[in-house]
Amino acid sequence: MKFGPVPVAEARETVLAHTLRAGGAVIKKGRVLDAADLAALEAAGYAELVVARLEAGDVAEDTAAARVADAVAGSGVRVAPAFTGRANLYATERGVLVVDATAVDAVNRVDEAVTLATVAPFSVVESDTMVATAKIIPFAVGSETLDAAVAATRTAAGAVLRVAPFRARPAGLVLTELPGQRAAVLERAAESQRVRLGRYGATLGRELRCPHEPGAVAAAIAELVAEGCDPILVLGASAIVDRGDVIPAAVERAGGAIEHLGMPVDPGNLLLPARHGDTAVIGVPGCARSLKPSGFDWVLARLAADLAVTGDDLGAMGAGGLLKEMPTRPQPREARSDDAESAAGG
């Protein structure tokens, strides 16, 4: 592609680089100029124009953007018609956006002419939410460069971008109680989980309350597993502080296995992912009593979209994992002289 000023008489079938006014008309940048355009511009007093002239092997910006977008779109993602060198991609259903970040980086490293931007991986997206955009920086790109960018998308294990849809399911909830605990506190905690589950297409199928001791919690977990609840949320009257604590011990006593303890997201540090066969069991951090975003939401959203959450996945959440402080947090990050430690942190 050649770019620069040329006499108006020589600008036919070139691409106008900058929007210009010609009398009462506006000729926008990116337009392929025809004889009528040139006559209007010449009449308006223009002697030369800054234009781009495509050469053999060049691919026009809209065509190139569409090719990149088509190459990265997977299930649950649609590509809108390209315009001004940009092709936007949208979700077609509600769920979690799965991004192959390695492939996105590979595309962007091919050449400065080709760019691909997405929303954050594992974002919860609605139908018709824009999830990515492919943008060609100049007015055209060489076919070899475009081919290389498209080839970079094939390094992905699957699609570069896809939406994992939420699946309707009945979840179970175990709330543990300590002597003297007010029923209103448990009601508020249960309501928060109903609302949170609804955000991800799930319902609260069954709620059980029991004393905060391993045997009772294990029995409640086993009962919810038998009823087909998945996931099972266990929100304790006090925080999980060790693998030997009440809730981890109860999971194992019920026949489950602890997968991890803790996560590098705050609020949400004291989360316990576990499994009982194919059923996900989550020891819920105390911050989940509030509906403010926490690491628990990140994990629950993925599970609701049938996405596994491993220890390695949790370990990758630290960058960007320091979320906003909660005003109601029982144990603030920055200690105050009059703060008393609460057992229900997280």
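Q: Two strands pair if DSSP finds at least two bridges between them. How do you know that β19 and β20 pair?
A: In this predicted model, strand β19 (residues 272-276) and β20 are joined by five bridges. The cut-off is at least two, so they count as paired. The sense is antiparallel. One bridge links His 276 to Thr 279 in β20.

Q: What makes β19 and β20 a hairpin?
A: The two strands have two residues between them. Gly 277 sits in that turn, with a positive phi of about 65°.

Q: How do you know that β17 and β20 pair, and in which sense?
A: Four bridges join them. At least two are needed, so this is a pair. The sense is parallel. Val 234, for one, has Gly 283 in β20 as its bridge partner.

Q: Why is β20 called largely enclosed?
A: Buried means under 20% relative accessible area. Six of the six residues of β20 are buried, so the rest of the structure largely encloses this strand. Both faces are covered. Thr 279, Val 281 and Gly 283 lie on one side, with Ala 280, Ile 282 and Val 284 on the other.

Q: Which residues touch the most other members of the largest nonpolar core?
A: They are Leu 233, Ile 282, Phe 296 and Val 299, out of 34 residues in this core. The elements giving two or more residues include β17 (232-235), β20 (279-284) and α8 (295-304). α8 gives the largest share, six residues.

Q: What is Ile 282 in contact with, leaving aside its neighbours within four places in sequence?
A: Its contacts include Leu 233, Val 234, Leu 271, Phe 296 and Val 299. Contact here means heavy atoms within 4.5 Å.

Q: Why are β11 and β14 said to stand at the edges?
A: The open sheet has three strands, in the order β11-β9-β14, with antiparallel pairing. β11 (124-125) and β14 (161-165) each have a single partner strand, so one side of each lacks a neighbour in the sheet.

Q: How do you know that β9 and β11 are joined?
A: Two bridges link these antiparallel strands. At least two are required, so the cut-off is met. In one bridge, Gly 95 partners Val 125 of β11.

Q: Why is Met 1 called partly exposed?
A: Its relative accessible area is 32%. Buried is under 20% and exposed is over 50%, so Met 1 falls in between. Met 1 lies in the segment before β1 (2-7).

Q: Which residues form a nonpolar patch on the surface?
A: The patch consists of Met 1, Phe 3, Val 50 and Leu 54. Together they have about 320 Å² of accessible area.

Terms used. Residues are numbered from 1 along each chain as its sequence is written. This is a predicted model: local features need pLDDT of at least 70, side-chain atom pairs count only at pLDDT 80 or more; totals for chains, interfaces and linings use all residues. Side-chain values use heavy atoms; hydrogens and water are left out. A nonpolar core is a set of buried Ala, Val, Leu, Ile, Met, Phe, Trp, Tyr and Cys residues joined through side-chain atoms within 4.5 Å. Buried means under 20% relative accessible area, exposed over 50%, partly exposed in between (1.4 Å probe, protein chains only). Patches are made of residues with over 30% relative accessible area and no salt bridge: like charges are joined within 9 Å, nonpolar side chains (Val, Leu, Ile, Met, Phe, Trp, Tyr) within 5 Å. Accessible areas come from the Shrake-Rupley method with a 1.4 Å probe; for residues, only the protein chains shown count as cover. A salt bridge is a side-chain nitrogen of Lys or Arg within 4 Å of a carboxyl oxygen of Asp or Glu.
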